Amino acid sequence: MLKHNDISDVLLRTYIRGKYICWGGHKKLKIYGTLGCGSGKRMHRKNRVFFTSEEEARNSGYRPCGHCMPKAYRAWKLSVKKCS
């Protein structure tokens with residue numbers, strides 16, 4: 001996981017173009033989604049984190065975004081209800 005505040009904009013763009021970074025997340029809300037998600041683009045830089053894979057995001061305790069990943073979000077929500 002990379003924090004947006006800990007990486008320069010030039011290096012960030014290089015990682016995105018090189019497909020090293022494929023997912024973004026909100027640090028406080030523990031939500032991850034695609035880099036093109038409108039919800040993710042509106043968040044503050046201090047709250048933004050980046051992941052190399054969905055697995056990394058899930059292993060870090062983040063859940064899928066309901067806006068850009070509706071199928072994954074529904075599956076996550078069903079799995080949470082089963083555990084309750």
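A residue counts as buried when its relative accessible area is under 20%, and as exposed when that value is over 50%, with partly exposed in between. Keep that scale at hand for this tour of a predicted model.

**Stop 1: the whole chain**

Start with the cartoon view and colour by secondary structure. You should find four helices and five strands. Trace the chain from its start and the elements come in the pattern β-α-β-β-α-β-α-β-α.

Now zoom out. Taken along the principal axes, the C-alpha atoms fill a box of roughly 45 × 25 × 20 Å. The radius of gyration is 13 Å, which agrees with the value near 12 Å for a compact globule of 84 residues.

Switch on the surface next. About 5,700 Å² is exposed, and carbon and sulfur atoms supply 54% of that area. Of the 84 residues, 29% count as buried. If you draw contacts between residues at least 6 apart in sequence, 56% of them join residues at least 24 apart.

**Stop 2: a buried asparagine**

Select N47, in the loop between α2 (38-41) and β4 (48-51). Is N47 buried or exposed? Its relative accessibility is 8%, so N47 counts as buried under the 20% cut-off.

What does N47 touch, once neighbours within four places in sequence are left aside? Show G25, H26, K27 and K28 as sticks, for these are the residues in contact with N47.

**Stop 3: a buried histidine**

Move to H4, in the loop between β1 (2-3) and α1. This histidine is also in a loop, and with a relative accessible area of 7% it is buried. Leaving aside neighbours within four places in sequence, add D9, L12, R45, R48 and F50 to your selection: each is in contact with H4.

**Stop 4: the largest pocket**

Where should you centre the view for the largest pocket? Select T34, S39, G40, K41 and M43, which lie nearest its centre among the 21 lining residues. The pocket holds about 310 Å³ of space.

To see what surrounds that space, colour the elements that give two or more residues to the lining: α1 (9-17), β2 (23-26), β3 (31-34), α2 (38-41) and β4 (48-51). Which element gives the largest share? Strand β3 does, with four residues.

Then recolour the lining by residue class. You will have 11 nonpolar, eight polar and two charged residues.

**Stop 5: a residue on the loop from β2 to β3**

Select L29, in the loop between β2 and β3. Here the accessibility scale gives another reading: at 56%, L29 is over the 50% cut-off and therefore counts as exposed.

Use the distance tool from L29 to C65, C-alpha to C-alpha. The two residues are 36 apart in sequence and 10 Å apart in space.

**Stop 6: the last helix**

Finish at V80, in helix α4 (residues 70-83). With a relative accessibility of 35%, V80 falls between the two cut-offs and so counts as partly exposed.

For a last distance, pick the C-alpha atoms of V80 and Y15. How many Å lie between them in space? The distance is 33 Å, for a pair 65 residues apart in sequence.

Before closing the viewer, you could show three residues together: N47, which is buried, V80, which is partly exposed, and L29, which is exposed.

Technical notes: Residues are numbered from 1 along each chain as its sequence is written. This is a predicted model: local features need pLDDT of at least 70, side-chain atom pairs count only at pLDDT 80 or more; totals for chains, interfaces and linings use all residues. Side-chain values use heavy atoms; hydrogens and water are left out. On a 1 Å grid over the protein atoms alone, a cavity is a set of points where a 1.4 Å probe fits but cannot get out, and a pocket is an open set with protein on both sides within 12 Å along at least five of seven lines; lining residues have an atom within 4 Å of a point. Grid points are joined across faces, edges and corners, and a volume is the space filled by probe spheres set on the points. Ala, Val, Leu, Ile, Met, Phe, Trp, Tyr, Cys and Pro count as nonpolar, Asp, Glu, Lys and Arg as charged, and the others, Gly among them, as polar. The radius of gyration is taken over C-alpha atoms; the globule rule is 2.2 Å times the number of residues to the power 0.38. Buried means under 20% relative accessible area, exposed over 50%, partly exposed in between (1.4 Å probe, protein chains only). Contact means heavy atoms within 4.5 Å. Accessible areas come from the Shrake-Rupley method with a 1.4 Å probe; for residues, only the protein chains shown count as cover.
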